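This report goes through selected local features of one protein model. It takes up backbone geometry, helix packing, salt bridges and a surface patch in turn.

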Amino acid sequence: MGAGAVVLKSLFEEQIRFQINHSVSQSQSIYSYPEAEDYIGNYTKESNVSEYLDLIRKCKSSVSIPIIASVNCVSSIEWTNFAQKIQEAGADALELNIFILPSDPKRNSEQNEQVYFDIAMAIIKQVSIPVALKISYYFSSLTNTALKLSWTGIKGMVLFNRFYSPDIDIDKFEVTSSNVLSSPDEISTSLRWVAMLSDRLHCDISASTGVHDGEGVIKQLLAGAKAVQITSCLYKNGTGVIPEMLKFIEAWMDKHGFKTTNDFIGKMSFKEANNPAAYERVQFMKHFAGIE
C-alpha cells in the first residue's frame, strides 16, 4: 500500500491492571490464599504480554516494512522488562505512549514531568532499538520539557497522543465517550507545535492526529515532521487512502519541482517560515496572522 512503517496499537498497563483486578474479584469465592491472588495477577499479565509479543512476531513475518511496538506506561518499573521482551520479539522500534493528566492537586508540574524522564531513561537503558516518546501538549512549558526529553537519548517524539474524550448522556446520567476518531480540523494543534519544535529538538518528530489526506501529510512535513502517522482515516476509509495520499504528494512535488521529501521538509518550520510569528499567535487577529 505504500506505508513506510506500522505502529501497532498500544498495550495499556491500565487495561492489564483492570483485567487483573476483575479476575481476582471473580475468584475471591474460590481462592482464599494470597499466593492464589499473586498467581492470577501474574498469569493475567503474562497472558496479555504474550498475546502482544505474538502480534509483533506475526506482523514481522507478514510485512517487510518496520514494525513499531507501542505501550502506554503509567510507571517506569513495570515496563522495563517488557521493553526487553518487545525487542526480543523482533520489533524494530518502541513507542512509549505516555500521558499523565495533570489533575491531581497534590502533584506539581515538576513531579508530573519527572515521570516522563524516569520512564524514558529506564527503558533506553534496557533496549538497543530506537525509542520514541508519544506525548501530549499538557505541559506548563512544552518547549522546555520537549527539549529536555530530546536530550535523554530518544530517537523520536510523536506530537501528539489523542485522548479519551468524555461526554454525558443526559437521560441515562452516565459518562460516555465521544469523538473517538479524529477529524481534519484537529491538525492545527500538532501542526503548530511541529513547526515550533522541529528546529529545536535533538530528535526527529513524527506528527499525529488530524491527518486525513495527502494535503495534511504535506503540511506536517513542511512544518518539519520527519514522519506522519495516520489512523482515523484508515478506520473511516480503509487502507486505499494510503496510495491516494502518495499520489497526491507526488503530484504536488512535481508541481513545485521537489525531487525528494528532504527538499521540502521543514521549509515552513518556525525557523524557516516567512512569518514565524503566525505560529505564536494565540488570539485570532488576521493582521498579525497574515490573513486577508
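Is Thr-209 buried or exposed? The model is a predicted one, and in it Thr-209 has a relative accessible area of 15%. The cut-off for buried is under 20%, so Thr-209 is buried.

**Backbone geometry**

Most residues other than glycine have a negative phi, and most peptide bonds are trans. Thr-209 departs from the first of these patterns, with a positive phi of about 90 degrees although it is not a glycine. Its place in the chain is the loop between β8 (204–207) and α7.

Phe-173 is another non-glycine residue with a positive phi, here about 55 degrees. Phe-173 is found in the loop between β6 and β7. Its relative accessibility is 72%, and therefore Phe-173 counts as exposed, whereas Thr-209 is buried.

The peptide bond that runs from Leu-159 to Phe-160 is cis, and its omega is near 0 degrees. Phe-160 belongs to the loop between β5 (156–159) and β6.

**Helix packing**

Two packed helices are described by the angle between their axes and the distance between the axes. Helix α7 (residues 214–223) and helix α9 (residues 241–256) have axes that come within 8 Å and cross at roughly 55 degrees. With that angle, α7 and α9 are oblique to each other. The crossing in which α7 passes α9 is right-handed.

A second pair is formed by α4 and helix α5 (residues 142–150), whose axes are 10 Å apart and which pack at an angle of about 20 degrees. Angles under 35 degrees count as roughly parallel, and α4 is therefore roughly parallel to α5. The crossing of α4 and α5 is right-handed.

Gln-114 is a residue of helix α4 (residues 109–124). Its C-alpha atom is separated by 9.8 Å from that of Thr-145, and the two residues are 31 residues apart along the chain. Gln-114 counts as partly exposed because its relative accessibility is 40%.

**Salt bridges**

How many salt bridges does a search of the whole structure find? The search finds 5 salt bridges. Three pairs are listed here, with the N to O distance for each.

| Pair | N to O distance |
|---|---|
| Asp-54 and Arg-57 | 2.9 Å |
| Lys-60 and Asp-92 | 2.9 Å |
| Asp-204 and Lys-226 | 3.4 Å |

Asp-54 and Arg-57 form a salt bridge inside helix α2 (residues 34–62), where they are 3 residues apart and so are separated by about one helical turn. Asp-54 has 38% relative accessibility and counts as partly exposed. Arg-57, at 41% relative accessibility, also counts as partly exposed.

The salt bridge between Lys-60 and Asp-92 reaches out of the helix. Lys-60 lies in helix α2, while Asp-92 lies in the loop between α3 (76–89) and β3 (93–97), so the pair ties together parts that are 32 residues apart in sequence. Lys-60 is partly exposed at 31% relative accessibility, and Asp-92 is partly exposed at 30%.

Which parts of the chain does the salt bridge of Asp-204 and Lys-226 link? The side chains of Asp-204 and Lys-226 meet in this salt bridge, with Asp-204 in strand β8 and Lys-226 in the loop between α7 and β9 (227–228). The two residues are 22 residues apart, and the pair links distant parts of the chain. Asp-204 has a relative accessible area of 40% and is partly exposed. For Lys-226 the relative accessible area is 49%, which makes it partly exposed too.

**Surface patch**

Which residues form a nonpolar patch on the surface? Tyr-164, Ile-168, Ile-170 and Val-175 form the patch, and together they have about 490 Å² of accessible area. One of these residues, Ile-170, sits in the loop between β6 (165–169) and β7 (174–178). The cut-off for exposed is over 50%, so Ile-170, at 66% relative accessibility, counts as exposed. The loop between β6 and β7 thus holds Ile-170 as well as Phe-173, the residue with a positive phi of about 55 degrees.

How values were computed: Residues numbered from 1 in each chain as written. Predicted model: local features only at pLDDT ≥ 70, side-chain atom pairs only at ≥ 80, totals over all residues. Heavy atoms only, no water. Patch = residues over 30% accessible without salt bridge, like charges linked within 9 Å, V, L, I, M, F, W, Y side chains within 5 Å. Areas by Shrake-Rupley, 256 points an atom, 1.4 Å probe, with all protein chains shown as cover. Salt bridge = Lys/Arg side-chain N within 4 Å of Asp/Glu carboxyl O. Helix = DSSP H or I, 4+ residues; strand = E, 2+ residues; numbered from the N terminus. Buried < 20%, exposed > 50% of the residue type's maximum accessible area, 1.4 Å probe, protein only. Axes fitted to C-alpha atoms, helices over the stretch in contact; angles between N-to-C directions. Parallel < 35°, antiparallel > 145°, perpendicular 65-115°, else oblique. Left-handed = near helix turned anticlockwise from the far one by under 90°.
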